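Welcome, and thanks for taking a look at this one with me. Here are my notes as numbered points, to read with the structure open.

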Amino acid sequence: PPAMSRRVVRQSKFRHVFGQPVKADQMYEDIRVSKVTCDSSFCAVNPKFVAIIVESGGGGAFIVLPLAKTGRVDKNHPLVTGHTAPVLDIDWCPHNDNVIASASEDTTVMVWQIPDYVPVRNITEPVVTLEGHSKRVSIISWHPTARNVLLSAGCDNLVILWNVGTGEMLLALDDMHTDLIYNVGWNRNGSLLVTTCKDKKVRVIDPRKQQIIAEKTKPHDGTRPIRAIFVADGKIFTTGFSRMSERQLGLWDLNNFEEPIALQEMDTSNGVLLPFYDADSSIVYLCGKGDSSIRYFEITDEAPYVHYLNTYSSKEPQRGMGFMPKRGLDVSKCEIARFFKLHERKCEPIVMTVPRKSDLFQDDLYPDTPGPEPALEADEWLSGKDAEPILISLRDGYVPIKNRELKVVKKNILDSKPPPGPRRSHSTCDSDFSQPALEEVLEEIRALKETVQAQEKRISDLENKLGQFTNGTD
């Protein structure tokens, strides 16, 4: 019909999204980005900090920079060091901008508290170390709505869910993956996981029931790694390779996993495409490791369902990529995404903007978006409760909250042991250790604790004073 022919161009407010790198002085220079061969993004950002996995002799390290600390990074800038082998993945906690988790080749996951000021020395003591994997851990991801729930996946084909607040393992999903896990993603409310695996299967898992509720073998025919993420309405978006090694993207419906809603060829290149999804605009950004471009697509309910929008191109290939959560964007500039592109020696922010003439708040670009408050406690989620993210308005921009401390309360292992029967103690110190002597030791410990706390406060005060002196004179 003639009515159809008139509408040649699809209507969309995101048709003109364009990307622009920041000016040279707004980049982070002189960073030795990690050279580990791993398809992780190597970079994690939030409204306060940018964190980047770096080269480090002997152990594993990442650097954390306050967002405003652009320019050349001092070669003595403190690192977060504590792993005994390279760090493979890092992820900021969505509910606390001062807490970051790291996964390492040393088989452990560590959770760190990052102070608002730049510390003087390396941060070497994690708040908690999570041990349960038998091989290197290459994937970590925080639960989107439940406080302190962290997922890790290792080369032991195991997915573990942790309660960071107690340091305990909540669930271990074993016997589900027969080979190396490529990636793991949560759905919006954290009730389901999607995983991709070297055995060429995409699985949708209910972690609490420890059940695979849907799976698709070979969504892409090629042999190279597949990635999968949840997008709106529980659909699944995948990237992979065709039999002819062309890169592909796919969109799938869980209720009919056999046939794709959309399957598109893109180009011939061997870099794995990392998908970054913004639920508010329904745009998925594809960043290939080793590519020098970011392609982006809008996902809608009308054919062809995945609509190509544009490509941001540059000359330099990317080593990794950070993706700012929505609440960290500048709404006054109509910024709808910000990437942190890693080069060999620097990190370059790239801003995606929708051009608008008006200076007013563009509420159609910024629906309410997940804020920093968790919707559930870890044990509520574990017991079967689900909750959507708690949303905030960006009308007046988002102001990060002051540093909140992550408290880890380890359960006493003795609490869960049966009470001992009336047997004689075999402990050697029992008999000749008198009550007064014990009191004396305890008193001494109390005094030492007080001294340490006083010293800590003094150090912290001095660091703050030093921070005031050195601000603006680096």
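1. A term to start with: a residue is called buried under 20% relative accessible area, exposed over 50%, and partly exposed in between, using a 1.4 Å probe and protein chains only. By that scale tyrosine 305 is partly exposed, at a relative accessible area of 28%. Aspartate 233 is exposed, with 61%.

2. Some ground rules. This is a predicted model, in which local features need pLDDT of at least 70 and side-chain atom pairs count only at pLDDT 80 or more, while totals for chains, interfaces and linings use all residues. Residues are numbered from 1 along each chain as its sequence is written, and side-chain values use heavy atoms, leaving out hydrogens and water.

3. On confidence, pLDDT is the predictor's confidence in each residue, from 0 to 100. The chain has a mean pLDDT of 90, and 92% of its residues reach 70 or more. Please read two stretches with care. Residues 2-6 have pLDDT below 50 and make zero contacts beyond near neighbours in sequence, a contact being heavy atoms within 4.5 Å. Residues 417-431 are also below 50, with one such contact in the model.

4. Next, a sheet to find on your screen. Strands (E, at least two residues) and helices (H or I, at least four) are DSSP runs, numbered from the N terminus, and two strands pair if DSSP finds at least two bridges between them. Four strands form an open sheet in the order E24-E25-E26-E27, with antiparallel pairing. Its edges are E24 (273-278) and E27 (306-313), each of which pairs on one side only. Neighbouring strands here are turned by 25° against each other on average, direction ignored; the axes behind such angles are lines fitted to C-alpha atoms, for helices over the stretch in contact, and angles run from 0 to 180 degrees between N-to-C directions.

5. Let us zoom in on one pair of that sheet. Strand E26 (residues 293-299) is joined to E27 by seven bridges, and the two run antiparallel. Phenylalanine 297 has tyrosine 308 of E27 as its bridge partner, while isoleucine 294 stands opposite tyrosine 312.

6. What lies between these two strands? The hairpin of E26 and E27 has six residues between the strands. Proline 304 is found in this loop, and the peptide bond leading to it from alanine 303 is cis, with omega near 0°. Tyrosine 305, in the loop as well, has a positive phi of about 70° although it is not a glycine. For background, most residues other than glycine have a negative phi, and most peptide bonds are trans.

7. Aspartate 233 is another non-glycine residue with a positive phi, here about 60°. Look for aspartate 233 in the loop between strand E20 (227-230) and strand E21 (236-241).

8. How many disulfides does a search of the whole structure find? The search finds zero, where a disulfide is a pair of cysteine sulfur atoms within 2.5 Å. The sulfur of cysteine 93 is 17 Å from the closest cysteine sulfur, in cysteine 43, and therefore too far for a bond. Cysteine 93 is buried, with a relative accessible area of 5%; cysteine 334 is buried too, at 5%.

9. Finally, the record. An unreviewed UniProt entry annotates "repeat: WD" over residues 80-114, 130-172 and 174-215. UniProt positions follow the numbering used here, feature names are shortened, and annotations may be inferred rather than shown by experiment. In the model, residues 80-114 are 0% helix and 63% strand, with end C-alpha atoms 9 Å apart. Residues 130-172 are 0% helix and 56% strand, with their end C-alpha atoms 13 Å apart.
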